[in-house]
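Colleague: Could you take me through this model before I set up any calculations? I should like to begin with the overall fold and then move to the ligands.

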Amino acid sequence: MGPCKGHVRGFIFWIILIVGFAQPNNGDLSYSVPEELKEGTVFGNIAKDLGVSVKGLRDRKARIDTDSNDKRFCNLKDGELVVLERIDREELCGSQPSCSLNYELVLENPLELHRIFMQIEDINDNAPRFPNSEIKLEISESAVKGARFPLGEAHDADVGRNAIQSYSLEKNDYFSLAAHSGSDGGKYSELILEKELDREQQEEVALLLTAIDGGTPQRSGTALLRVTVLDVNDNLPVFSQSVYTTNLDENSPEGTKVITVTATDADEGANGEISYEFSRISDKTAKIFSIDKVTGEITVAGVIDYEEKKIHELRVQAKDGAGLVSHAKVNIDVIDVNDNAPAIQIKSLNVPIPENVAPGTEVGIINVQDKDTGGNRQVRCSIQQNVPFKLNPSIKNYYTLVTTAELDRELLAEYNVTITATDEGSPPLSSSKTIHLYLSDVNDNPPVFEEQSYSAYVSENNKPGSSVCSVSARDPDWRQNGTVFYSLLPSEVNGVALSSYLSINGDTGVIHAVRAFDYEQFRSFKVQVVARDNGSPPLSSNVTVSVFITDENDNSPQILYPTPEGNSFMTEMVPKAALSGSLLSKVIAVDADSGQNAWLSYQIVKSTDPGLFTIGLHSGEIRAQRDISESDSMKQNLVISVKDNGQPSLSTTCAVYLVISDNLAEVPELKDMSYEENNSKLTSYLIIALVSVSTFFLTFIILIIAVRLCHRRKPRLLFDGAVAIPSAYLPPNYADVDGTGTLRSTYNYDAYMTTGSRTSDFKFVTSYNDNTLPSATTLKRSPGDNSECLNFTSLDFTDTASKCSTLIKFK
Ligand SMILES: *[C@@H]1O[C@H](CO)[C@@H](O)[C@H](O)[C@H]1NC(C)=O
Ligand SMILES: *[C@@H]1O[C@H](CO)[C@@H](O)[C@H](O)[C@H]1NC(C)=O
Ligand SMILES: *[C@@H]1O[C@H](CO)[C@@H](O)[C@H](O)[C@H]1NC(C)=O
């Protein structure tokens, strides 16, 4: 087998081998044996090389000895050298370039010693190998093109050509590979950056690195080159949107999430750590929103008021660890919430309102505003129903308040009008305002007396200055328009100015008597009281006050008959034959007072012969109590008291002289009959009176007898006759002051009188009636002609409108 394989080294070996053979005396044998031969493989022929036959070798006990205890890798078999055990050159010699095994061939008989060199030839049985299957490399992304990064060395147990010859790198964009031989002969590789790295594009570059040896067949080993691109803060944070837009309800509570802004930073670590904050923000807005530094969440931190700001524009910035900053805008549209009640403003108010304004008069202008928007801003305005005002919508959100009816301050002087404004939000908000409207007075009410008419009753003889009555009128108007002054309407009473009778207190309406009244002078009168207010122009009204003077018992009875005047006295003749009960005389008295005060009663207080005469208590008729007898004294004197029924009662006395005689001539001592002193004048008067009365009486009797004879069928009329009391008998002041002759019935009364005639009595009655007139002859009266009655007018105290005021009725 040819040891030389055509390689340079092999060639050298072959030369050495030839040289070795050329020195046979050394008897050394040299063989080149490739490693890794199979067991039993023959690699040399000793027999042939030594020129000894196989038999000769066997005979000479040829054997191979080792120097020491070295392991024997070959053996001698039939003159041939065979591989005894697998030979691993790398195990035997490592990386030494030459590797040989030395053995000795021993031949005996004769002893011959030959050295055998076994040159172990390398075969490429090992592949290159990297120390780690993965090579980690960190390269900053900022590394510039051309930068070199040495890589570790791969290892190949083989030597020489079988060792690593070159490296190759997987094809890629970034790196190329350069190989260098180190001083120790090893081959290194270097990574050359061909294209700049961008961590953000490719964080890691993994490449297969291959080491190739030069053996045949060629072997290679690979490792994974893992290039980690180290970050450089070369990236700005980037917001997910450049403008964020969101809506936010107004009045959102604090802490309400508004929006979250997010920014990303392609960088790593601190370079990619983003913090958020507001940039360029007004102080006001800064109080309303806050942003979470870490999460970018914007929350409400203050009061969101739509009415204050409808859109908030925030600028946010994101900053990475190295301070690179980018910005974004956040637009927050605030959504209106109906949180503003309408505001009512009173723009003008014309108060006080004169009470006489016409319906429809404008009294105020109201403005209503709502700060909200849309429906929340639509406002309806109203006032309560029961007032005479209404709201009229005017321009825009103005309303006018107008009256709807006539106003009357005296009925209702003030109104509280509540204006309610409600918006159309949901829920609606409303507000209200109360305005105080009050009316000013107009003098539209005249004073009104509390009564339709007044009656005052005043006792006569009142004290001047005493109050008679009081009138009062009301005027509901205000202040001077309602201030009432009283006055009396000037007039005359009985021809005298009213003011001399009455006065009125202008303020109080109390009417005073100016002087004392006399019932006997006049009994009533009327006066008009005017109440006038102080307005301008003033209003007034009037009322009638009827003043009635009431009677007092201030007049004592007056005797009409027998006449007390003068000192002359009258003597009544009493027939001697007068029987018991016969009417002898009559006392006639009157009283100027009226009623009870004029109710007269008669009494005999003194008499010559008590028991002989009686007097009618009320009639004043003097009658015989018993038959007159001869024995009775001819002269009889009676003192009669006439008393009225007043309280206290007043009385008068008079004397009546009676002569019991049938013949005037029998009365010689008339003088003696007087209790009083006599003088001749009086006596003569008395005689004249006596004579006249007697004559009158006789004439009367004759007349009566004559009448009786003519009218037998009417014997009762014998003494009938009309007696006219001369008006001179009446009290002087019996005039009726009441022009109409009208007096209230309470003041009516009957007057009772007696006549001097013993045969007649008469009575004044209150009414006149034809039926009561017994005879046309006694009282002539024709309708429409009252002449015959006129004599009695002065006695008429009735209230009838009788044509003839008085009737004298005869019994
Ligand atoms: C109006 O309101 C005022 C004040 O509240 C009150 O004094 C007055 O009595 C009210 N008037 C009416 C008519 O209700
Ligand atoms: C009285 O009424 C008049 C109008 O008639 C008015 O001008 C005046 O102001 C009123 N006086 C008072 C005090 O109200
Ligand atoms: C008194 O009042 C009446 C109506 O009540 C009126 O007709 C009359 O003129 C008044 N008289 C005076 C004097 O004012």
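**Overall fold**

Modeller: The chain contains 8 helices and 53 strands, where helices (H or I, at least four residues) and strands (E, at least two) are DSSP runs numbered from the N terminus. This is a predicted model, in which local features need pLDDT of at least 70, side-chain atom pairs count only at pLDDT 80 or more, and totals for chains, interfaces and linings use all residues. Residues are numbered from 1 along each chain as its sequence is written, chains are lettered from A and ligands numbered from 1 in the order in which they are written, and side-chain values use heavy atoms, with hydrogens and water left out.

Colleague: What percentage of the residues in the chain is buried?

Modeller: Of the 811 residues in the chain, 41% are buried. Buried means under 20% relative accessible area, exposed means over 50%, and partly exposed lies in between (1.4 Å probe, protein chains only).

Colleague: And what is the accessible surface of the chain?

Modeller: It comes to about 43,200 Å², and carbon and sulfur atoms account for 51% of that. Accessible areas come from the Shrake-Rupley method with a 1.4 Å probe; for residues, only the protein chains shown count as cover.

Colleague: How many of the contacts join residues at least 24 apart?

Modeller: Among contacts between residues at least 6 apart in sequence, the share is 67%. Contact means heavy atoms within 4.5 Å.

Colleague: Let us turn to the ligands. Which residues are around ligand 2?

Modeller: Asp441, Val442, Asn443, Trp478, Arg479, Gln480 and Asn481 surround ligand 2; a residue is near a molecule or strand if one of its heavy atoms lies within 4 Å of it. The protein covers 59% of the 360 Å² of accessible area that ligand 2 has on its own.

Colleague: What is the shell like by class?

Modeller: The shell around ligand 2 has 2 nonpolar, 3 polar and 2 charged residues. Here Ala, Val, Leu, Ile, Met, Phe, Trp, Tyr, Cys and Pro count as nonpolar, Asp, Glu, Lys and Arg as charged, and the others, Gly among them, as polar.

Colleague: Which polar atoms does ligand 2 approach?

Modeller: An oxygen atom of ligand 2 is 2.2 Å from an N or O atom in the side chain of Asn481. An oxygen atom of ligand 2 is also 3.0 Å from a polar backbone atom of Asn443.

Colleague: What surrounds ligand 1?

Modeller: Glu414, Asn416 and His436 do. An oxygen atom of ligand 1 is 2.3 Å from an N or O atom in the side chain of Asn416, and a nitrogen atom of ligand 1 is 3.3 Å from an N or O atom in the side chain of Glu414. Taken alone, ligand 1 exposes 360 Å², of which the protein buries 32%.

Colleague: Now the interior. Which residues touch the most other members of the largest nonpolar core?

Modeller: In that core of 29 residues they are Val471, Leu502, Phe525, Val529 and Val545. A nonpolar core is a set of buried Ala, Val, Leu, Ile, Met, Phe, Trp, Tyr and Cys residues joined through side-chain atoms within 4.5 Å. The elements that give two or more residues to this core include strand 41 (524-533) and strand 42 (540-550).

Colleague: What does Val545 touch?

Modeller: Not counting residues up to four places away in sequence, Val545 touches Tyr454, Cys469, Val471, Ile511, Phe525, Lys526, Val527 and Val529. A second, separate core of 25 residues includes Ala62, Cys93, Cys99 and Ile120.

Colleague: Is His312 buried or exposed?

Modeller: His312 counts as buried because its relative accessibility is 2%. This residue is found in strand 22 (residues 311-319).

Colleague: And Pro150, buried or exposed?

Modeller: Pro150 is exposed, with a relative accessible area of 58%. Pro150 is found in strand 9 (residues 148-150) and, leaving out residues up to four places away in sequence, touches Ser189 and Glu190.

Colleague: One backbone matter remains. Where are cis peptide bonds found?

Modeller: One joins Thr216 and Pro217, with omega about -5 degrees; Pro217 lies in the loop between strand 13 (204-213) and strand 14 (220-230). Another joins Gln647 and Pro648, with omega about -10 degrees.

Conventions
Polar contact = N/O pair within 3.5 Å; in protein donor to acceptor, adjacent residues only side chain to side chain.
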